[in-house]
Amino acid sequence: MSSVAPFQLCINTSTIRCADAPALTDKIDVAARAGFAGIEPWVQELDAFVDGGGALRELAGRIHDAGLTVCNLIGFFEWAVPDETRRAAGIAAARKAFAYAQALDCTCVAAPPSGINTETGLDLRAIAARYAALIDVGREYGVTPVVEFWGAATTLGTLGEALLIAAESGRAEACVLADIFHMYKGTGHFEGLQLLGPASLGLVHVNDYPAAPPRATIGDADRVYPGDGVAPYPRIMQALHRAGYRGVLSLELFNRSYWAQPAFEVAVTGF
C-alpha cells in the first residue's frame, strides 16, 4: 500500500466529484493513477452503478486490478434514531450497505448520526445499545460499522460522544471514525486524541480548514488540502502515532473549487 509511514493513503470519492470523473469507475481509475492505495466510495455511487446494470463482482475485480482496496463505505442509514419504524428502515438500509461492502472485500462501513444530528436530549447509552445491535447485524456480513461523529451535530457531534457510544456498546469490534474537520467544528480542540488506542480508532478522515470563516459558520465546502489550512497537523499526526494507529488516512474534501478542476490534478495534489 502507498503510505506516509506508518499510515496508509486512501481517497474518499467526495474529493474528486469532478466533471471529468462522473462515474465511480472513473474515480477508481483516477485514484489508482494518482498513487493511492485505497478508495472510499459512497453507497449512493454503488446504488447508481448497480441500477445502471453494473455487477459488483466485476467492480470488485476492477478495483483489485487497479491495485486498490476499498477502505470503507459512506452511507446515511438511520441506525440510531429512537423511532422504531424509522430505525427498522435504517437497519434495512444498513444491510444493503453491508452487503455492498462484503461484495467489495471491504470490512468497514461508516455509521454517522443520520437522523439524530439535529436532535437534543437523547440518551447516549440507548444509542450505544443501538450501536451494539448494528454491530451484530454487521457480523453477519463480516463488516464492522464504525461510529462517525459530525461536528455540526447536536447529538453525536464530538469525539467524546462517539467514544462513549463505542465504549458502552459492549462489543469488542466497537470503534470510531475520527475526522480532523469534524473535531475542529465540534469542539475546536484535538486533546481527545490522547485517549485513543489502536483498537478504538477504525479510520481517520484527513482534511484541513482555513482560519476564516470562523468555526461557528465554517462548513464542509470550506475544507482544504491537508497543510493548506491552520490545523495543527504535526501534533495531530504525533497523537495518532502515539495512540498506536497504523491504519488508513482517507482524504475527504467537499471543496467546489477543487471539483471545478480535473479529477487527476485534484487527486495528485491531495496525494
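## A strand, two hollows and a few cysteines

Let's start with strand S5 (residues 108–111), which is covered on both faces: Cys-108 and Ala-110 are buried on one side, and Val-109 and Ala-111 are buried on the other. That split fits a general pattern, in which side chains of a regular strand alternate between the two faces of the sheet. Keep in mind that what you're looking at is a predicted model.

Which strand does S5 run parallel to? That's S6 (residues 144–148), and four bridges join the two. One of the pairings puts Val-109 of S5 opposite Pro-145, its bridge partner in S6. To get from S5 to S6, the chain passes through helix H5 (residues 124–139), making a right-handed β-α-β crossover.

Now for the empty spaces. The second largest pocket holds about 230 Å³ of space. It has 18 lining residues, and those closest to its centre are Trp-150, His-182, Asp-220, Arg-223 and Phe-254. Helix H7 (residues 180–186) gives the largest share of this lining, with three residues.

There is also one cavity of 30 Å³ or more. Its lining is made up of Ala-178, Asp-179, Ile-180, Met-183, Leu-193, Val-204, Ile-236, Met-237 and Leu-240. Strand S7 (176–179), H7 and helix H8 (233–242) each give two or more residues to that lining, and the largest share, three residues, comes from H8.

Here are the two spaces side by side:

| Space | Volume | Nonpolar lining residues | Polar lining residues | Charged lining residues |
|---|---|---|---|---|
| Second largest pocket | about 230 Å³ | ten | two | six |
| Largest cavity | about 50 Å³ | eight | none | one |

Finally, the cysteines. How many disulfides does the structure hold? The count is zero. A disulfide is a covalent bond between the sulfur atoms of two cysteines, and here the sulfurs don't get within reach of each other. Take Cys-10: its closest cysteine sulfur belongs to Cys-71 and sits 3.5 Å away, which is too far for a bond because the cut-off is 2.5 Å. Cys-18 isn't in a disulfide either, as the nearest cysteine sulfur, that of Cys-10, is 16 Å away.

Are Cys-10 and Cys-18 buried or exposed? Cys-10 has a relative accessibility of 1%, so it counts as buried. Cys-18 comes in at 3%, so Cys-18 counts as buried too.

Notes. Residues numbered from 1 in each chain as written. Predicted model: local features only at pLDDT ≥ 70, side-chain atom pairs only at ≥ 80, totals over all residues. Heavy atoms only, no water. 1 Å grid on protein atoms, 1.4 Å probe; cavity = no way out; pocket = protein on both sides within 12 Å on 5 of 7 lines; lining within 4 Å. Points joined across faces, edges and corners; volume = space filled by probe spheres on them. Nonpolar A, V, L, I, M, F, W, Y, C, P; charged D, E, K, R; others polar. Buried < 20%, exposed > 50% of the residue type's maximum accessible area, 1.4 Å probe, protein only. Pairing = 2+ DSSP bridges. Right-handed = clockwise from strand over helix to strand, strands pointing away.
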